[in-house]
Amino acid sequence: MAASAVYDDDMAGSELVTSSLPLETRFPPFQLRQLGGFWFPEAILPGVAAAHARFEPRPSDVFLASFPKSGTTWLKALAFAVIYRADHPPRSPGHPLRHRNPHDCVKFLEEPFAVDGGVLAALPSPRVIATHLPYSLLPGRVAAEGGSGVRRIVYICRDPKDALVSTWLFAKKVVAAAAARDGDEDGKPPPAPTTFEEAFELFCDGRCMAGPQWRHVAGYWEASRRLPDKVLFLRYEEMLQDPVGNVRKLAEFMGCAFSGEEEAAGVVEDIVELCSIDALKNMDVNKNGAQEYVKNESFFRKGVAGDWSNHMTPAMAERLDKIVDDALQGTGFTFAPAQSA
Ligand code: A3P
């Protein structure tokens, strides 16, 4: 399906008619709306519409795409550290990642103010921009086959069972943060977090942020097969196993491969170390800082493959695996078996 075609079906003129889209309220704190076959927090839809209507891509842009809770924060840190290493050597004490959360270093295309607030337009080239939008909902000018110029997209995928567990635990933290921030100021009690069983059912039904997860993954997988020079497909589990090899691959793809001198000086290993979960977790900004809706520490939990087995029964795992396998029939894609935690 051509990027944007579905989106246009849900538009009236240039504005998105949010209230006409199917609604899902069972995943607090997010009120989800279905757009082009995927579910999104209602609050980001104006940002999606702005990205479609007014975002001006540049040929040197690099987009980092992911389903939520699949390694976005890690990929943001790595891509930022790789692409800006000449200005910010990874060992430098003043490196931005030592003082700012990766989400403050790399913004989302669809977040409020990114396009209409001029946040992205103000960035110097080359820009690194993230998105949770599925491939089919990227603005036509960003999608690899649309428009002219280079524009690269890096996708990170993760085992759906781990993405589900991570999503559920993260959503609980966002609910708690909202309750602590808002109290019952509007006279209503704060929403209760979803139980794991409820979250599981919703996930299996594709009703979660940017879900169905497997369709999100399949869209980028197919694009990466069609356009390997423009779409790089990475797997979270493989990055855990071989971070150095994957960072080299990332740098080559972004057009800034490491030189022999940099290799000899250990720059690749330095970047891997700077962006490791333990290093990031222990930075003051990530221990004590916050985004508008959640503490920075919430982005760093275990960072392993296979933690799903601590939350899901084997029968649940089998059921989800079957749903995913059936849905992926014919795409040529399968999720590699995750390792034990
Ligand atoms: P877990 O909750 O399974 O630990 P996202 O960044 O897309 O929100 O994904 C969050 C997941 O990535 C969390 O997984 C988090 O712990 C993990 N993560 C965050 N930073 C990481 C890093 N530097 N290396 C590996 N995993 C990381």
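1. Let's start with helix 6 in this predicted model. Its buried residues are covered by, among others, strand 3 (23-27), helix 5 (160-182), helix 7 (213-226) and helix 14 (314-328). Which residues are being covered there? In helix 6, which spans residues 196-204, the buried ones are Phe196, Ala199, Phe200, Leu202, Phe203 and Cys204.

2. While you're at that helix, have a look at what comes after it. Helix 6 is followed by glycine 206, and the phi of this glycine is positive, near 80°.

3. Next, cysteine 157. You'll find it in strand 8, residues 152-157. Is cysteine 157 buried or exposed? Cysteine 157 has a relative accessible area of 1%, so it counts as buried, the cut-off being under 20%.

4. What does cysteine 157 touch, once neighbours within four places in sequence are set aside? Its contacts are Ser70, Val217, Phe233, Leu234, Arg235, Tyr236, Glu237, Phe333 and Phe335. Glutamate 238 is also worth checking against it: the two are 81 residues apart in sequence, and their C-alpha atoms are 9.9 Å apart in space.

5. Last stop, aspartate 307, which sits in the loop between helix 13 (284-288) and helix 14. Although it is in a loop, aspartate 307 is buried, because its relative accessibility is 2%.

6. Which side chains does the side chain of aspartate 307 make polar contacts with? One is that of lysine 302, at 2.7 Å. Another is the side chain of asparagine 310, also at 2.7 Å.

Note on methods
Residues are numbered from 1 along each chain as its sequence is written. This is a predicted model: local features need pLDDT of at least 70, side-chain atom pairs count only at pLDDT 80 or more; totals for chains, interfaces and linings use all residues. Side-chain values use heavy atoms; hydrogens and water are left out. Helices (H or I, at least four residues) and strands (E, at least two) are DSSP runs, numbered from the N terminus. Buried means under 20% relative accessible area, exposed over 50%, partly exposed in between (1.4 Å probe, protein chains only). Contact means heavy atoms within 4.5 Å. A polar contact is a pair of N or O atoms within 3.5 Å; within protein, one must be able to donate a hydrogen and the other to accept it, and residues adjacent in sequence count only if both atoms are side-chain atoms.
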